[in-house]
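Open the model in your viewer and keep the selection tool at hand. The tour goes stop by stop: what to select, then what is there.

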Amino acid sequence: MHLLLIASLALGISAPVFAQSRETGFLNRTVEIRGTTSRYQVYVPQTYDPARRWPVILALHGAGERGSDSLIQTEVGLGSAIRRFVDRYPAIVAFPQTPTGERWTGAAGDVAMAALGRTLGEFSIDERRVYLTGLSMGGNGSWYLAWRHPDRWAAAVVICGFLGAGPFPSFLPPDTADPAAAVAQRIRHIPIWVFHGDADKVVPVTASREMVAALQKAGATVKYTELPGVGHNAWDPAYRDPELPAWLFGISR
């Protein structure tokens, strides 16, 4: 019940009439953390009904979508798939954006979690079905946020991700003997689907092969799809695969 309505009833005055917000589509939102306001987008299905509990996805973009417009991150990957195959994704989706030059393993990761937190509070969410996904730099961020918050996620989808490469050093301590094993051991209870193109010249396919092998060794429930002849853009075939949302939404904690 709205706080103003509660106060009105308590004071014995006529209660104001509120029209419940039924905004749907890609919506502009902001979140404040440590005194800094960050913009993000949240997708709400046209069929959204607060009377039922909805799954929620935190979607992390790649390096090419960094900035401050809070728009471009919805145009690549999951946002694009939702626009094309809207019926396949009956979920609330939070799309944070990292500032130019930053990455998810820094302060932007905290902003992403804050955006998720606000989304959980704003909409009617099924807390058992909170999912994580990301592509390229966002795949790196997905490994990081799964490792940092291992009890938050019902499942994760990591596309052409990596633990550390080039300008993105590993988020693990530099003296970690086997980074893939260390991450896999911590997140082994999270069902994960990994996608990677075997012709990727930006993020070597070995980055995913090594993580998948480590997860399998740790006893995790992991699916791996290696796309033959596909370069760095493994996200379009991944998110447009009808089996992916069917698998994802069938998992709950």
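On this tour, contact means heavy atoms within 4.5 Å. The model is predicted.

**Stop 1: the whole chain**

Show all 253 residues. The secondary structure comes to eight helices and eight strands. Draw a box along the principal axes: the C-alpha atoms fill roughly 65 × 40 × 35 Å. The radius of gyration is 19 Å, which agrees with the value near 18 Å for a compact globule of 253 residues. Color by accessibility, and 50% of the residues count as buried. Now look at contacts with a separation of 6 or more: residues 24 or more positions apart account for 72% of them.

**Stop 2: the sheet**

Select the strands. Eight of them form an open sheet, in the order β1-β2-β4-β3-β5-β6-β7-β8, with mixed pairing. Which strands stand at the edges? They are β1 (25-33) and β8. Each has a single partner strand, so one side of each is left without a neighbour in the sheet. From one strand to the next, the twist averages 20 degrees.

Add helix α3, residues 107-122. This helix packs on the sheet and touches β1, β2 (36-44), β3 (54-60), β4 (92-95) and β5 (125-135). The direction of α3 makes about 120 degrees with that of β1.

**Stop 3: strand β5 and its partners**

Select β5. The strand is mostly covered, with nine of its eleven residues buried. On one side, β3 runs parallel to β5 and six bridges join the two. Pick Ile 57: its bridge partner in β5 is Tyr 131. Stay on Tyr 131 and look toward β6, where its bridge partner is Ala 155. Strand β6 covers residues 155-159; five bridges join β5 to β6, and they run parallel.

**Stop 4: Leu 145 in α4**

Select Leu 145, which lies in helix α4. Is Leu 145 buried or exposed? Its relative accessible area is 0%, so Leu 145 is buried. Show its contacts, leaving out residues up to four places away in sequence. Leu 145 touches Leu 58, Leu 60, Gly 109, Ala 112, Met 113, Leu 132 and Trp 153. Next, put a distance label from Leu 145 to Val 194. The two C-alpha atoms are 15 Å apart, and 49 residues separate them in sequence.

**Stop 5: helix α5**

Move to α5, residues 179-187. Its buried residues are Ala 180, Val 183, Ala 184 and Ile 187. Look down the axis: they fall within an arc of 100 degrees, so they line one face of the helix. These buried residues pack against α4, β7 and α6.

**Stop 6: strands β7 and β8**

Select residues 192-197 for β7 and 222-227 for β8. The two strands pair in the parallel sense, over six bridges. Pick Trp 193 to see one such pairing: its bridge partner in β8 is Lys 223.

**Stop 7: helix α6**

Add α6, which lies across β7 and β8 and runs at about 160 degrees to β8. The helix has twelve residues. From first C-alpha to last, α6 reaches 16 Å, close to the 16 Å expected at 1.5 Å a residue.

Which residues of α6 are buried? Select Ser 208, Met 211, Val 212, Ala 214 and Leu 215. Seen down the axis, these buried residues fall within an arc of 160 degrees, so they line one face of α6. They pack against α4 (137-148), α5, β7 and β8. Now turn to the face directed away from the buried side. There you find the exposed residues Glu 210, Gln 216 and Lys 217. Step just past the end of α6 to Gly 219, which takes a positive phi of about 85 degrees.

**Stop 8: Ser 208**

Finish on Ser 208, in helix α6 (residues 206-217). Buried is under 20% relative accessible area. Ser 208 has 1%, so the residue counts as buried. What is Ser 208 in contact with, leaving aside its neighbours within four places in sequence? Display Gly 161, Val 194, Phe 195, His 196 and Tyr 224. Val 194 is the residue you labelled from Leu 145, 15 Å away from it, C-alpha to C-alpha.

Terms used:
Residues are numbered from 1 along each chain as its sequence is written. This is a predicted model: local features need pLDDT of at least 70, side-chain atom pairs count only at pLDDT 80 or more; totals for chains, interfaces and linings use all residues. Side-chain values use heavy atoms; hydrogens and water are left out. Helices (H or I, at least four residues) and strands (E, at least two) are DSSP runs, numbered from the N terminus. Buried means under 20% relative accessible area, exposed over 50%, partly exposed in between (1.4 Å probe, protein chains only). The expected span of a helix is 1.5 Å times one less than its number of residues. The arc is that of the directions from the helix axis to the C-beta atoms. Two strands pair if DSSP finds at least two bridges between them. Axes are lines fitted to C-alpha atoms, for helices over the stretch in contact, and angles run from 0 to 180 degrees between N-to-C directions. The radius of gyration is taken over C-alpha atoms; the globule rule is 2.2 Å times the number of residues to the power 0.38.
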